[in-house]
Amino acid sequence: MNNTDKTFSESGKEAASANYSVQAEAPPAPDMKRSAAKQLIEVYYSQLTDGCGNDHCSNVHCASSPYFELRGKDCNALAVKSIDLYKDKAQLCEQNKNKIPRNDELVVPGPSSQKKPETSVVPKTLSLTDGVVQEHATASTSNSPLGAFPKSKTAIATVTKETVFLNKEKLDSILDECKEMHSWSSLVKTIGLVFSNPDTLLQSFQCKERDDQMEVEHNEFIDIRKTKAQTSTQGTKINVDLDSLREAYSSLVGIPDLPFQNALINAIVSLSKAIVLDLRYNKPIEKCPNYLNIFVIIMEIPLLHSPEFIDSAYPEFCKALGRVPLAGQSELAKYWSKFSAERLQEMVQSLQQLITVKLCDADESRWSNGAHLNDDEIITGPVRVMKILYYASLYGGVRDSIEMLKTEQKIVESENELQSELFAGAGAVGMDREIKEIRQANEDPLGKELGVRAADCRKPLVPFEDFVNELLNEKISVETDYKYKLESEGEDLAHTAQVKFSFANHSFILNMPSKQMSLYLDSRVQMYKERRSSVIQTLIHGWAMMPFLRLRVSRNSLINDALVALEMIAMENPADLRKQLYVEFEGEQGVDEGGVSKEFFQLIVDEIFNVDFGMFTYNTDTHTFWFNSMSFENDGQFTLIGIVLGLAIYNSTIVDVHFPPVVYRKLAGKLGTFADMKDVDPTLAQSLHEMLDYGGEDFEDVFMQTFLISYKDVFGSTITHELRENGDSIPVTQENKREFVDMYADFILNKSIERQFRAFRRGFAMVTNESPLRTLFRPDEVELLICGSEDYDFVALENACDYDGGFDKNSQTIRDFWEAVHSFTDAQKRQLVQFTTGTDRVPVGGLSKLKLIIARNGPDSDRLPTAHTCFNVLLLPDYQNKDKLKERLLKAITYSKGFGLL
């Protein structure tokens with residue numbers, strides 16, 4: 001299809017004329033009458049698409065009117081409507097009446113729709129020359145919705161070549177002319193023409209070199225459908241003159257009442273649909289290097305967040321932008337990464353506003369009866385666009401160096417190879433097991449293309465929390481989303497149109513409770529698969545059925561029993577670690593429905609991190625534990641500790657672990673750097689900072705430091721280490737102090753504990769290597785997932801609490817209970833949480849997510865309160881007064897230990 005055909009097709013002119021010839025019921029008229037009717041139909045169409053320029057127009061058939069009912073309709077529907085308006089002799093706006101010829105055979109529709117004899121005049125028509133609208137008289141033209149196009153094909157081609165682009169200078173010329181004529185009609189038509197056509201818009205607002213080239217070439221029109229694909233070495237190129245573009249938009253939005261707004265909205269809707277077709281069939285980005293200019297130009301429109309654009313134009317454009325292929329998304333992310341943090345944040349906020357408004361406007365039945373939020377492109381389109389901005393924020397933020405990323409990649413690859421060997425040879429010490437293919441988590445293709453992850457960026461341009469949409473998280477069905485995620489596994493996520501949309505694959509927009517629920521569902525599915533596999537192996541091979549990871553331990557020898565059992569399982573079949581954990585304490589009758597496992601984890605963590613055990617050291621300044629580089633324990637002990645931590649995540653149990661944040665970064669495959677030193681040893685970090693900040697010429701005399709460092713072990717003995725060969729003879733100077741600091745931090749955080757941490761990470765990966773942990777959570781979120789929150793908001797717990805057995809929130813005993821609880825100290829409140837749930841840690845999302853149930857346990861008595869920790873149920877007798885309730889409750893939470901059957 002050539003450009004002339006496309007211009008007429010998109011404006012709807014041909015559709016209107018063709019429909020008229022079929023539908024008109026009047027008998028055939030002379031050529032002059034037919035030509036006049038055709039012109040009138042086109043004027044109606046122009047009124048429906050571009051409006052009259054009066055933002056307060058009261059004509060319901062005008063796109064400029066606030067009462068316009070056809071906004072968002074496609075060009076074909078508007079073309080049919082223009083014929084109906086002609087047949088009904090509908091009202092024309094005053095500005096549009098001047099565009100039609102007057103004669104005694106054609107009625108000029110108006111408020112009275114009466115025939116008035118008029119003297120024939122030569123109609124005035126509009127054309128664009130060098131991007132500027134000009135008015136001239138002609139005797140053989142037809143009023144096109146986007147300007148006057150001569151009937152001859154030669155003339156049409158000439159005008160098309162002259163109307164291919166727009167820039168700041170041409171726009172200023174149009175504005176000046178419109179002000180002189182006291183009419184914005186020329187501006188409205190220019191906006192409608194340029195912004196509705198990908199071919200014209202991609203050539204607009206280009207850098208000055210490109211504008212000069214276009215002038216030299218006499219404005220040669222580029223038809224991307226006829227342009228041969230560029231060679232792969234050229235790639236894509238964005239060459240928008242941002243300063244000129246923003247100045248142009250500033251001039252436009254400064255016009256009172258924004259007369260061009262409706263024309264721009266309709267143009268963007270048409271543009272978006274044309275882009276979708278282009279991307280589907282023509283591969284325009286491969287053929288035209290600067291096709292991505294279109295998306296930059298539209299995203300710079302300062303009115304996108306306004307209600308008028310959010311209604312139709314913005315969501316339609318997001319659908320189109322979300323379908324851009326991976327290479328184009330990568331180029332856009334790199335381009336937008338150069339924007340200021342403030343501008344990028346504005347773009348994110350406009351998308352958040354679009355999503356929120358559409359969610360608020362949707363009725364309750366919209367995503368029911370088989371329709372899911374994941375299938376609604378009005379929502380998923382902006383999320384896809386936000387992903388491009390998310391990676392732009394990472395790409396333009398403070399990232400680790402390329403050299404460090406390469407070093408980390410080598411470490412991760414070697415660990416993965418070792419992990420595969422361990423799983424492949426696990427059956428050597430026991431019965432032969434079926435070797436399963438390791439399930440690989442889908443890495444985001446855009447992040448892979450850009451070579452950036454959230455863990456690689458210490459400070460993004462836009463804070464991570466700005467990408468989270470809380471209302472969207474309330475509307476998401478995590479179960480449905482997880483189903484879609486499973487269906488997308490193994491698919492090429494780079495081809496977004498063919499893959500089921502899952503918000504879990506766009507985890508930047510999810511809050512912690514949604515991510516945790518998605519991880520919980522994944523763990524339960526994997527547990528079910530392992531249980532099913534165990535049953536099948538029993539039926540086929542006759543092996544003993546082991547549907548659970550069963551641990552039988554004694555409270556007196558908890559560490560020894562647990563670590564020995566886990567070591568045997570890890571050696572025989574590591575896949576058994578992904579079965580559901582079932583713990584039994586010797587001599588106790590408790591049935592593990594979750595509560596027994598919680599206490600098991602709490603007890604084993606308390607013992608493992610006891611400094612007397614010698615595996616970790618404790619820093620009194622940061623209140624965190626660090627790996628003991630001089631530990632006498634073998635690698636297997638640290639591996640088993642990693643397994644315990646992985647099991648806690650896999651079984652959705654929060655544990656009281658106090659690691660510095662750098663540990664979770666290292667678990668994500670990162671290396672510790674000087675930026676992490678403050679979390680491990682703030683005193684040493686402060687000293688090194690002072691060394692870096694000191695600029696005096698007497699540096700060596702002040703610090704008297706060489707590349708030989710010393711530190712103390714757990715026994716208080718001093719140990720020395722040379723950071724460089726012959727380090728004791730190499731002084732630290734102004735020139736090499738940065739090298740010294742980096743090497744010092746690398747030794748403390750990486751090299752000195754390399755053996756211990758490698759074993760620890762290996763055990764952690766045995767449980768979590770097939771889970772979506774690394775793709776769903778950032779390192780700081782993994783810490784929150786393991787340790788829980790420290791926000792003990794008991795007002796939120798009270799508001800979320802449920803009651804059973806005859807109690808309700810107005811019961812006197814319940815009122816007494818909450819009055820007593822609110823008077824507790826912080827330590828007593830922690831004991832209450834421990835008593836009712838099995839752990840004193842607050843779940844992700846706060847105490848409101850705990851879902852505590854208080855049930856009546858008989859009438860007033862001297863019995864102590866009891867709890868079902870597996871189900872977060874507190875059994876409370878109906879005590880006769882508050883003092884007795886408080887005394888009984890405090891005794892129960894202070895001296896509770898062990899499990900029994902009630």
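This report walks through salt bridges, cysteines, surface patches and a few unusual backbone spots in one predicted model.

Residues are numbered from 1 along each chain as its sequence is written. Since the model is predicted, local features need pLDDT of at least 70 and side-chain atom pairs count only at pLDDT 80 or more, while totals for chains, interfaces and linings use all residues, and side-chain values use heavy atoms, with hydrogens and water left out.

**Salt bridges**

Side chains of opposite charge can pair when their charged atoms come close. Here a salt bridge is a side-chain nitrogen of Lys or Arg within 4 Å of a carboxyl oxygen of Asp or Glu, and the count comes to 35. Three of them are set out below.

| Pair | Closest N to O distance |
|---|---|
| Lysine 670 and glutamate 408 | 2.7 Å |
| Aspartate 576 and lysine 579 | 3.1 Å |
| Arginine 758 and glutamate 754 | 2.9 Å |

Take lysine 670 and glutamate 408, joined by a salt bridge. This pair links distant parts of the chain, 262 residues apart: lysine 670 is in the loop between helix 28 (661-667) and helix 29, and glutamate 408 is in helix 20 (residues 402-424). (Helices are DSSP runs of H or I with at least four residues, strands are runs of E with at least two, and both are numbered from the N terminus.) Both partners are buried; that word means under 20% relative accessible area, with exposed being over 50% and partly exposed in between, using a 1.4 Å probe and protein chains only. They also belong to a network of salt bridges that links Asp400, Glu408, Arg453, Asp456, Arg458, Arg665, Lys670 and Asp676.

Aspartate 576 is buried at 11%, and its partner lysine 579 is buried at 4%. Arginine 758 and glutamate 754 sit four residues apart in helix 33 (residues 754-768), about one turn of the helix. Arginine 758 is partly exposed at 28%, and glutamate 754 is partly exposed at 43%.

**Cysteines**

How many disulfides does the structure hold? Zero, where a disulfide is a pair of cysteine sulfur atoms within 2.5 Å. Cysteine 57 has its closest cysteine sulfur in cysteine 93, and at 3.5 Å that is too far for a bond. Cysteine 57 is buried at 7% relative accessible area, whereas cysteine 360 is exposed at 53%.

**Surface patches**

Patches are made of residues with over 30% relative accessible area and no salt bridge; like charges are joined within 9 Å, and nonpolar side chains (Val, Leu, Ile, Met, Phe, Trp, Tyr) within 5 Å. Val535, Ile536, Leu539, Ile540 and Met545 make a nonpolar one of about 480 Å². Its methionine 545 is in the loop between helix 24 (512-541) and strand 7 (548-553), and is partly exposed at 48%.

**Positive phi and a buried neighbour**

Most residues other than glycine have a negative phi. Lysine 283 goes the other way, with a positive phi of about 50°. Lysine 283 sits in the loop between helix 12 (261-281) and helix 13, exposed at 54%. Proline 284 is in helix 13 (residues 284-287), and is buried at 1%. Asparagine 726 also has a positive phi, about 60°. You'll find asparagine 726 in the loop between strand 12 (718-722) and helix 32 (737-749), partly exposed at 46%.

Technical notes
Accessible areas come from the Shrake-Rupley method with a 1.4 Å probe; for residues, only the protein chains shown count as cover.
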